[in-house]
Amino acid sequence: MTAYSDLAAHFGRIAALSNAVGILQWDSDTMMPNGAAETRAESMALLRVMRHGMATDARIGDWLAEAEGDETLGAWEKANLREIQRLWTVDTALPADLVEASSKAISACEMRWRQARAEADFTGLLPYLAEVLNLQRQIGRAKGEKLGLSPYDALLNDYEPDGSSAKIDALFDDLADFLPGFTQEAMAVQARRPALAALDGPFAVETQRALGLRLMAALGYDFERGRLDVSTHPFCGGSDNDVRITTRYDEADFTKALMGVLHETGHALYEQGRPQGYLSQPVGAARGMSLHESQSLLMEMQACRSRPFLAFAAPLMRESFGGSGPAWESEAMWQRYTRVQPGFIRVDADEVTYPAHVILRYRLEKALIADEMPLAELPTAWNDGMKALLGLAVPDDRVGCLQDIHWPSGGWGYFPTYTLGAMTAAQIFDAACTADPAILPGIGKGDFSPLVTWLRANIHGKGSLLSADALLTEATGRPLDASVFKAHLRRRYVEEA
């Protein structure tokens, strides 16, 4: 055994434990009875402490030091050492009791959030969320001291390695200046169209599910390694080679759940396409959440809200629901799926106004982690931000600051990756379509194999071999460039509308 093989075996065991946590978390979010919450929280906390103990094993430092001098290692093994070193530095910053306390607080807060959201009761959630926030601040400070980062940037690092709030501030301030005027311009263009006829429901959940499964298959989802279920908040989870997605249904409107399925399928395709030979190793992991979100948004926004895809999908929708008339034509579906209309709910937001939802959350969570704003003032600050960014008066906290599970589940630092992902998606899709002219015609026939093949070779199969910046530059010829995203928006919502 060499030091590197010792490390690989050790992190393989950590991956196995992480897989168990992933399936238990999926079950908690989909079908676990409420009465099991306390017992499940204890089990999850123990498993996370065990995983933390393995990830901070003192032998890792010795193995790393010895493996660094191994000249027989190839590019993937050297990159794996880099990733192990990065993870070990972060993990050793946290004491086990803080990991355990955070896990228990998150489990309790997630369960209370479900009730609070349904009842629009921020006051009832406040003490639970305050405990999660307190522990996240401690985690951010501990990691930040080890990494030489601010507490917020240390939390961001968990989702976006090498990311920084300074870079995000510049990108988001630019978008915040661009989007209000562009939103009005896009809405003026669509206002000149005839009114869309309504799609008459109800739309049975089982029919919606069947259509979703059919389109998941068209995109290339492997049902031998995953499944589709229902949850309060749509997500992609599970474990290696068991990649599960969820959505939520509304019998009055099938269009939201369908795009939710396609969005999560984009995440799942990334997970299913990671390098099998390194699946249990850090180098085999997806390279940050901006890239992960780019894959979901590439499928949903770039590909599946395009005219070619909707020309393929509209007949399937008519067939599934027995629809007829102008409302079911592909051009009407395109107009429906590209309609710009400021709204309260992030996951239902259109492509143009969505970044405003993210910018609001990013600014708020950064202020909360820095203790620049009392948590009790979150609803007021949220409502003020929605008014300033989207011109909306929030009627209650259910459609306001209680709508997302991210903060109750400890996902502080995650939100900016959504809009970073949207910009990345535009750039990757543009590069893919330029590299392979068969991609758009294929999408128009329901054949996503040219696109998925390109993504497998240039994004999915790379794992964490490269940094996000290097991967994007290698795949598209340049680092992240917001002008590509802006050009996409202008083309879709003004020039081609």
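Start by selecting R346 and Y418: in this predicted model, R346 lies over the face of the Y418 ring, 4.5 Å from the ring centre. Now add R361 and F415 to the selection. Here R361 lies over the face of F415, at 5.6 Å from the ring centre.

Keep the two rings on screen and hide the arginines for a moment. F415 and Y418 form an aromatic pair with centres 6.1 Å apart and planes at 45 degrees, which is a tilted arrangement. Are these two residues buried or exposed? Both F415 and Y418 are buried.

**Widen the view to the aromatic cluster**

Select Y159, Y354, W382, W407, W412, Y414, F415 and Y418 together; they form one aromatic cluster. If you enjoy hunting for ring pairs, a search of the whole structure finds 20 of them. Zoom in on W382 and W407. With ring centres 6.3 Å apart and planes at 90 degrees, this pair is edge-to-face. A pair of aromatic rings is described by the distance of the centres and the angle of the planes, so those are the two values to check in your viewer.

Next, colour the chain by secondary structure and look at where the two tryptophans sit. W382 belongs to helix α15 (residues 378-390), while W407 is in the loop between α15 and α16 (416-435), so their pairing ties together parts that are 25 residues apart in sequence. Show the surface and try to find them: W382 is buried at a relative accessible area of 1%, and W407 is buried too, at 4%.

**Move to Q302**

Select Q302, which is found in helix α11 (residues 289-303). Its relative accessibility is 6%, so Q302 counts as buried. Which side chain makes a polar contact with the side chain of Q302? Display H488: the contact between the two side chains is 3.4 Å. To see more of the surroundings, leave out residues up to four places away in sequence; Q302 then touches L297, E351, A425, A426, F429, H488 and R492.

**Backbone stops**

Switch to a backbone view for three places worth a look. Most residues other than glycine have a negative phi, and most peptide bonds are trans.

- Select G201 and P202: a cis peptide bond joins them, with omega about 0 degrees. P202 sits in the loop between α8 (165-191) and α9 (205-219).
- Select A120, in the loop between α5 (96-119) and α6 (122-147). Its phi is positive, near 50 degrees, and at 29% relative accessibility A120 counts as partly exposed.
- Select D371, in the loop between α14 (354-369) and α15. Phi of D371 is also positive, near 60 degrees, and at 54% relative accessibility this residue counts as exposed.

**Zoom out to the whole chain**

Finally, show the full protein chain as a cartoon. You should find 20 helices and three strands. Turn the model around: the C-alpha trace spans about 70 × 50 × 45 Å along its principal axes. For 497 residues, a compact globule would have a radius of gyration near 23 Å, and the 22 Å of this chain agrees with that.

Add the surface once more. The accessible surface of the chain comes to about 19600 Å², with 53% of it belonging to carbon and sulfur atoms, and 56% of the 497 residues count as buried. How many of the contacts between residues at least 6 apart in sequence join residues at least 24 apart? In this chain, 74% of them do.

How values were computed
Residues are numbered from 1 along each chain as its sequence is written. This is a predicted model: local features need pLDDT of at least 70, side-chain atom pairs count only at pLDDT 80 or more; totals for chains, interfaces and linings use all residues. Side-chain values use heavy atoms; hydrogens and water are left out. Rings of Phe, Tyr and Trp (its six-membered ring) pair if their centres lie within 6.5 Å; planes under 30 degrees apart count as stacked, over 60 as edge-to-face and the rest as tilted. Helices (H or I, at least four residues) and strands (E, at least two) are DSSP runs, numbered from the N terminus. Buried means under 20% relative accessible area, exposed over 50%, partly exposed in between (1.4 Å probe, protein chains only). A charge sits over a ring if NZ of Lys or CZ of Arg is within 6 Å of the ring centre and within 35 degrees of the ring normal. The radius of gyration is taken over C-alpha atoms; the globule rule is 2.2 Å times the number of residues to the power 0.38. Contact means heavy atoms within 4.5 Å. Accessible areas come from the Shrake-Rupley method with a 1.4 Å probe; for residues, only the protein chains shown count as cover. A polar contact is a pair of N or O atoms within 3.5 Å; within protein, one must be able to donate a hydrogen and the other to accept it, and residues adjacent in sequence count only if both atoms are side-chain atoms.
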